[in-house]
Amino acid sequence: ADLAPHGRGGGFGQIGSPENRVSLIELMRSIENETDKLAAALNGLAPPASHTIVSINDNSDTSEIYQENLVKALRKNKEKSFLLIWRSVLAALSQIQRGKLKRPQKIGVISHSLKGIDLQLLEIKEAFCKEELILVPERKSTGLTVETNFGYQALFDAVKLYLQSLSPDPMLNVENAKNVGLIALGNPGKLELVRSSTGTWREIRPTKTLLDLIEFDGSCLDTLSEFFRHADQVFFETFSTGQLEAKLRKLISSKIGKEIYHIGGTTIAEAALFASKRLEQDCPVYFDFLPQISTIVRSGSKARNFDLIDQSETLRAGKVFRSKVPAELAISPEAEKIEVFLRKETEPRPRKSVVELNMPPGSMTKVLISVEQIPALGRAAIQIKADSIGLNRILDWDNSEILNETWDEILNRQESPVVPIPERLVVDASDFNWDDTDRDGLETLLERAANS
């Protein structure tokens with residue numbers, strides 16, 4: 001059973017077809033709706049439980065679409081209570097659980113990742129739970145990825161090349177060999193039977209370690225010292241072990257200029273269990289922020305930016321955020337559609353959403369735009385509402401028009417009124433309004449005002 005190729009590369013018959021398999025990394029990178037595949041993967045890794053915690057990478061690659069797909073998959077598996085938690089936050093929770101963090105402070109977390117390392121600064125704050133003070137991590141920005149030659153992908157690729165070189169068979173498929181994971185994470189290799197694409201089994205005997213295969217380049221880590229300048233403690237979270245982990249930690253520590261502490265083994269999984277207990281007790285697990293979403297409002301002939309998210313608020317993970325102060329627009333009595341300009345902090349280009357009205361409102365109408373979102377649980381719902389005309393709709397960001405202009409260019413363009421109205425009208429001099437006609441002239445009005 002250990003050597004069966006089903007699910008591990010080219011297999012036999014219809015079941016073994018490579019087209020029937022997709023790697024978890026491919027699922028995580030996908031922007032498509034992969035609910036069924038993710039649900040099957042999650043169910044295989046961990047059957048449904050009363051409380052479920054899913055770790056997600058703290059970098060810009062963890063898109064809102066991926067978060068949404070995870071949420072859909074969890075709901076498809078009928079998970080009762082769940083929470084997506086950033087890996088950096090789980091690292092902090094592990095140290096709170098183990099008593100390494102005992103007071104409010106600022107900590108740095110370095111997470112070993114696919115491309116290199118992810119950097120994050122977290123504030124450890126006090127919060128009440130059941131009339132008791134507890135420590136809670138707060139996340140205030142998206143983690144920063146530093147690409148290195150010792151990211152997981154680079155380590156795995158180096159090992160695959162090495163294993164391929166151990167056999168003269170050019171059709172040998174080492175993609176799913178167990179030694180790839182063993183050696184790439186710092187463990188010694190083992191004798192292994194690997195199946196060739198021709199169906200032949202080959203024996204490979206790796207003798208080298210990962211440190212023999214790659215020389216780490218630390219030149220890209222020069223900014224780490226400044227990034228963690230205000231951190232009271234710094235932690236390095238990685239799956240790597242032994243001499244590999246020690247060498248990586250020493251290299252990173254030398255660049256930061258301070259000692260860093262290792263987090264490995266089952267620590268993150270134990271932190272997830274700790275988080276699930278807090279979730280069960282309805283205690284704060286962590287605080288998060290929401291990326292800014294902005295629109296454009298007008299005041300007279302002036303257009304200005306309006307932020308829909310108050311980022312000074314402390315947002316508790318798993319709880320719904322709603323805009324306390326919505327943006328206000330006004331539409332004319334003859335309007336047949338509403339144009340709403342939107343900008344997301346996480347997106348490179350702004351967009352324009354158009355709402356077609358069933359019929360003109362007939363009078364000047366106030367329109368409200370607000371945001372509703374749960375941190376780390378998918379995309380925001382941008383709501384447009386006008387009670388007087390029965391309008392209550394969610395704006396579709398994905399199908400909105402992508403604009404080639406910058407946000408400032410759009411603002412400047414909106415400064416020009418839709419209907420040209422001159423600021424000042426200059427006409428020839430005339431005494432028409434001075435003399436009395438069927439109404440009092442200006443001279444009579446001035447005399448009346450002076451004598452009153």
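1. In this predicted model, five strands make up an open sheet with antiparallel pairing, in the order 13-12-17-18-22. Its edges are strand 13 (302–307) and strand 22 (401–402), each of which pairs on one side only.

2. Within that sheet, strand 12 (residues 293–299) runs antiparallel to strand 17 (residues 337–344), and three bridges join the two. Two facing pairs can be located on the model: threonine 295 stands opposite leucine 342 of strand 17, and isoleucine 293 stands opposite lysine 344 of strand 17.

3. Strand 12 is also joined to strand 13, by six bridges, and this pairing is antiparallel as well. Here serine 299 faces lysine 302 of strand 13. Five of the seven residues of strand 12 are buried, so the strand is largely enclosed by the rest of the structure.

4. Helix 11 (residues 407–414) lies across strands 12, 13 and 17. The helix runs at about 15° to strand 12.

5. Serine 353 belongs to strand 18 (residues 351–356). Its relative accessibility is 7%, and because the cut-off for buried is under 20%, serine 353 counts as buried. Leaving aside residues up to four places away in sequence, serine 353 touches Ile338, Glu339, Val340, Leu342, Leu395 and Ser400. Leu342 in that list is the residue that stands opposite threonine 295.

6. Isoleucine 331 lies in strand 16 (residues 327–331). With a relative accessible area of 7%, isoleucine 331 is buried. Its contacts, not counting residues up to four places away in sequence, are Ile338, Leu357, Pro361, Ser363, Met364, Thr365, Val367 and Ile389. For one of these, methionine 364, the separation from isoleucine 331 is 33 residues in sequence and 5.8 Å in space, C-alpha to C-alpha. Ile338 is touched by isoleucine 331 and also by serine 353.

7. A parallel arrangement is found around strand 9 (residues 233–237). Strand 3 (residues 105–112) pairs with strand 9 in the parallel sense over five bridges, and strand 10 (residues 260–263) runs parallel to strand 9, joined by four bridges. Phenylalanine 235 has a facing residue in each neighbour: valine 109 stands opposite phenylalanine 235, and so does tyrosine 261 of strand 10.

8. Strand 9 is mostly covered, with five of its five residues buried. The cover extends to both faces: Gln233, Phe235 and Glu237 are buried on one side, and Val234 and Phe236 on the other. Two of the buried residues named here, Gln233 and Glu237, share a side with Phe235.

9. The connection from strand 9 to strand 10 deserves a look. Strand 9, helix 9 (residues 242–256) and strand 10 make a β-α-β unit, and the unit is right-handed.

10. The largest nonpolar core contains 41 residues. Leu70, Leu84, Ile85, Leu90, Leu93, Ile107 and Tyr286 have the most contacts inside this core. At least two core residues come from each of helix 2 (35–45), strand 1 (52–56), helix 3, strand 2 (82–86), helix 4 (87–97), strand 3, strand 4 (116–129) and helix 10 (267–280). Helix 4 supplies the largest share, six residues.

11. Leucine 70 touches Leu38, Leu42, Val54, Ile56 and Leu84, not counting residues up to four places away in sequence. A second core, separate from the largest one, has 32 residues and includes Phe150, Val180, Ile183 and Leu251.

12. Helix 3 (residues 64–76) has 13 residues and reaches 18 Å from its first C-alpha to its last, close to the 18 Å expected at 1.5 Å a residue. Its buried residues are Glu64, Tyr66, Gln67, Glu68, Asn69, Leu70, Val71, Ala73 and Leu74. Polar residues such as Gln67 and Asn69 are on that list together with Leu70 and Val71. Just after the helix, lysine 78 takes a positive phi of about 60°.

Terms used: Residues numbered from 1 in each chain as written. Predicted model: local features only at pLDDT ≥ 70, side-chain atom pairs only at ≥ 80, totals over all residues. Heavy atoms only, no water. Expected span 1.5 Å × (residues − 1). Buried < 20%, exposed > 50% of the residue type's maximum accessible area, 1.4 Å probe, protein only. Pairing = 2+ DSSP bridges. Right-handed = clockwise from strand over helix to strand, strands pointing away. Contact = heavy atoms within 4.5 Å. Axes fitted to C-alpha atoms, helices over the stretch in contact; angles between N-to-C directions. Core = buried A, V, L, I, M, F, W, Y, C linked by side-chain atoms within 4.5 Å.
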